[in-house]
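This report describes the architecture of a single protein chain. It moves from one residue to the secondary-structure elements and then to the chain as a whole.

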Amino acid sequence: MRRGDFRSGRGDLGLLTSARLAAFYRHILEDYERMQFAYAAMKLVSAASENIDEPEWYYVLSQVLEQLNNPAINQKLIETWFYLQYASLLGDELNLRTDVTTAALLPDKKYMYDSAEKGLRLAEQGDLGADAIKLLRLIQAKPLANVAQIGGITEVINDCWLTARQHAAV
């Protein structure tokens, strides 16, 4: 991130007179997959912010870059958080309380993501059980720095990531 000083130029354009680096994410540059996702996230936020002017976009992107810069944080967790926040800021928050028939999600049942209905559907062969749904709820509700501290997610994070990515339609 850079900060700069501007002065008046000709017409409506300002002139950048100085700039300084506020943060350098060197660990993102060391990992090609993290760098690719950082680029994809910036591209998605840039496009979305043209239609929806919301200061929250900056917060989401800064959290993603900060956590991507930490190689110890699971990248799928970061991406899952981003996709859920992205969908929410676009006005399409994933419903993790009821299924597509408006029945409450039950802890002893399995669910799958229904792309047509943009929600969870009860399914015997579904990938999302109680643990995955609990994790999705936490990811959706908490800041990324807090979510990054959650351990023991390796068994469910792939299913959570796929659901979040499908819901965000990216």
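## A helical residue and its surroundings

Gln85 is situated in helix H4. The model is a predicted one. Gln85 counts as buried because its relative accessibility is 13%, where the cut-off for burial is under 20%. Apart from its neighbours within four places in sequence, Gln85 makes contact with Val60, Ile139 and Gln140.

## Helix H7

Helix H7 comprises twelve residues, 157-168. From the first C-alpha of H7 to the last, the span is 16 Å, close to the 16 Å expected at 1.5 Å a residue. The buried residues of H7 are Ile157, Cys160, Trp161, Thr163, Ala164, His167 and Ala168. They lie on the same side of H7 because the arc they cover around the axis is only 165°. An α-helix has 3.6 residues a turn, so residues three or four places apart point the same way.

Which elements are included in what covers the buried residues of H7? Among them are two helices, H4 (75-89) and H5 (130-141), together with the strands E3 (111-114) and E4 (119-122). Helix H4, which holds Gln85, is thus part of the cover over the buried residues of H7.

## The hairpin of E3 and E4

Strands E3 and E4 also pair with one another, in the antiparallel sense and over four bridges. One of the pairings involves Tyr111, whose bridge partner in E4 is Leu122. Four residues lie between the strands of this hairpin.

A positive phi is found at Lys118 in the hairpin and at Ala169 just after H7.

| Residue | Location | Phi |
|---|---|---|
| Lys118 | hairpin of E3 and E4 | positive, near 55° |
| Ala169 | just after H7 | positive, about 55° |

## The chain as a whole

How many helices and strands does the protein chain contain? There are seven helices and four strands, and their order along the sequence is β-β-α-α-α-α-β-β-α-α-α.

The protein chain has 170 residues, of which 37% count as buried. Its accessible surface amounts to about 10,400 Å². Carbon and sulfur atoms account for 49% of that surface. Among the contacts in the protein chain with a separation of 6 or more, 55% are between residues 24 or more positions apart.

Definitions and conventions: Residues are numbered from 1 along each chain as its sequence is written. This is a predicted model: local features need pLDDT of at least 70, side-chain atom pairs count only at pLDDT 80 or more; totals for chains, interfaces and linings use all residues. Side-chain values use heavy atoms; hydrogens and water are left out. Buried means under 20% relative accessible area, exposed over 50%, partly exposed in between (1.4 Å probe, protein chains only). Contact means heavy atoms within 4.5 Å. Accessible areas come from the Shrake-Rupley method with a 1.4 Å probe; for residues, only the protein chains shown count as cover. The expected span of a helix is 1.5 Å times one less than its number of residues. The arc is that of the directions from the helix axis to the C-beta atoms. Two strands pair if DSSP finds at least two bridges between them.
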